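Open the structure in your viewer and keep the selection tool at hand, as this tour moves from one selection to the next.

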Amino acid sequence: MRIATWNVNSVRARLPRILPWLEEKRPDVVLLQEIKCLDEQFPREPIEELGYNIETFGQKTYNGVAILAKSRITDVQRGMRDDVEDRESRVITATVEDVMLVNVYVVNGQEVGAPAYEKKLEWLKRLRKLMWEQYMMTEKVVMAGDFNVTFDDRDVYDPEAWREKILCSSLEREALLRVMDAGLKDAFRKHVEEGGHYTWWDFRTRAWVGDHGLRIDHFLMSAPALRACTAVEIDRDARDGEKPSDHAPVIATME
DNA sequence: ATGGTGGGTTCCCCA
């Protein structure tokens with residue numbers, strides 16, 4: 001089974017890139033973030049024609065997540081279903097075959113110290129609670145998506161310039177590690193030691209041209225899922241060319 | 001001190 005995660009930055013604007021990519025890569029499961037549309041606006045037909053089942057948790061203008069899968073999608077949950085109201089569509093969970101999927105679009109945070117930054121830290125606390133309370137790490141659990149957090153300097157093209165900046169601050173990194181202490185590991189680092197592998201390049205600074213990227217899209221896996229994971233690859237080709245998203249897809253291969 | 005680009009709204013917000 002191959003599972004992809006991709007922040008598409010509007011599923012409707014990105015459809016000319018998404019459809020040929022699905023045809024070429026044929027992943028078994030795709031976790032999409034920032035679909036930026038309501039459920040009823042999601043372009044279901046052309047994706048269904050390629051053989052995918054679809055579950056969405058949409059929102060007008062901002063955020064929105066979706067799961068595509070060739071196999072049946074069961075146990076779908078929209079939001080964290082805790083005692084806090086989900087005002088934004090940032091999490092959709094489901095089961096496909098023997099894999100429990102958690103698709104997340106983590107709050108960006110804008111800048112360190114901003115109200116959005118505090119919201120990000122609070123949101124990650126909620127996510128941690130979800131993983132502790134609703135998952136058994138003896139199962140194959142795959143949490144993936146846009147985490148808007150780097151793990152360490154290896155994930156940053158210019159670590160000194162980004163030191164304690166948004167996406168790279170110690171508090172964000174600690175909050176992400178706390179989500180993972182339920183029993184999740186960064187699957188990319190099972191396979192790749194060296195730095196310089198990125199998943200996001202800012203449009204505003206034309207970061208793609210100089211490969212000024214950050215690695216903020218991740219696969220976090222429970223031990224049984226990690227054992228089955230034989231590769232995690234970043235599809236840089238999808239970030240190139242005409243009207244790309246600012247994120248590259250990441251594809252995990254499970255034996 | 002704060003731009004730059006891109007997407008979706010609505011005359012601006014968020015990334």
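Which atom of DNA strand B lies 3.4 Å from a polar side-chain atom of T61? Select T61 and DNA strand B together, and you will find that the partner is a sugar or linking oxygen of the strand.

Before going on, note that this is a predicted model, in which local features need pLDDT of at least 70 and side-chain atom pairs count only at pLDDT 80 or more, while totals for chains, interfaces and linings use all residues. Residues are numbered from 1 along each chain as its sequence is written, chains are lettered from A and ligands numbered from 1 in the order in which they are written, and side-chain values use heavy atoms, with hydrogens and water left out.

Next, select the residues around DNA strand B, which number 16, where near means that a heavy atom of the residue lies within 4 Å of the strand. The closest are S10, R14, R204, R206 and K243. Pick R206, where a polar side-chain atom lies 2.8 Å from a phosphate oxygen of the strand, and then F203, where a polar backbone atom is 3.3 Å from a sugar or linking oxygen.

Now move to helix α1, residues 15–25, a DSSP run (H or I, at least four residues). Here L15, R17, I18, W21 and L22 are buried, that is, under 20% relative accessible area with a 1.4 Å probe, protein chains only. Seen down the axis of α1, the buried residues fall within an arc of 155°, taken from the directions from the helix axis to the C-beta atoms, so they line one face of the helix. Finally, select R26, just after α1, which takes a positive phi of about 45°.

Terms used. A polar contact is a pair of N or O atoms within 3.5 Å; within protein, one must be able to donate a hydrogen and the other to accept it, and residues adjacent in sequence count only if both atoms are side-chain atoms. Buried means under 20% relative accessible area, exposed over 50%, partly exposed in between (1.4 Å probe, protein chains only). Helices (H or I, at least four residues) and strands (E, at least two) are DSSP runs, numbered from the N terminus.
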